[in-house]
Amino acid sequence: MSVIYLLISVSIFVAVCFFIAFIIAVKTGQYDDDYTPSVRILFDDETKITSPNNSSIEEKQV
């Protein structure tokens with residue numbers, strides 16, 4: 001029975017260590033997206049087309 005207490009204690013300790021490592025990684029900017037803003041200019045924007053009754057309709061190109 002004492003082995004179960006030991007395993008639970010060790011598993012909680014490991015989980016807390018991983019959680020602290022995750023928090024540190026988030027605060028230091030490890031998960032910031034540096035790639036998407038640089039290629040966003042290459043994506044097509046939404047275009048506006050005019051319908052026969054001259055009202056503008058926004059249509060997204062696929």
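The protein contains two helices and two strands. Read from the N terminus, these elements follow the order α-α-β-β. The model is a predicted one, and the description below proceeds from its elements to its surface and then to a pair of aromatic side chains.

Helix 1 covers residues 2–27, a run of 26 residues. At 1.5 Å a residue, a helix with this number of residues should span 38 Å, and the C-alpha atoms at its two ends are indeed 38 Å apart, so the expected and computed spans agree. Just after helix 1 comes glycine 29, whose phi is positive, at about 85°.

The surface may be considered next. The protein has 62 residues, of which buried residues make up 5%; a residue is counted as buried when its relative accessible area is under 20%. The accessible surface of the protein amounts to about 6,100 Å², and carbon and sulfur atoms account for 64% of that area.

Among the side chains, the rule for ring pairs, which requires centres within 6.5 Å, yields one aromatic pair. Its members are phenylalanine 22 and tyrosine 31, whose ring centres lie 6.0 Å apart. Their planes meet at 45°, so the pair is tilted; planes under 30 degrees apart would count as stacked, and those over 60 as edge-to-face. Phenylalanine 22 falls within the residue range of helix 1.

The two partners can also be described by their exposure. Phenylalanine 22 has a relative accessible area of 42% and is therefore partly exposed. Tyrosine 31, with a relative accessible area of 57%, is exposed, because the cut-off for that class is over 50%.

How values were computed
Residues are numbered from 1 along each chain as its sequence is written. This is a predicted model: local features need pLDDT of at least 70, side-chain atom pairs count only at pLDDT 80 or more; totals for chains, interfaces and linings use all residues. Side-chain values use heavy atoms; hydrogens and water are left out. Buried means under 20% relative accessible area, exposed over 50%, partly exposed in between (1.4 Å probe, protein chains only). Helices (H or I, at least four residues) and strands (E, at least two) are DSSP runs, numbered from the N terminus. Accessible areas come from the Shrake-Rupley method with a 1.4 Å probe; for residues, only the protein chains shown count as cover. The expected span of a helix is 1.5 Å times one less than its number of residues.
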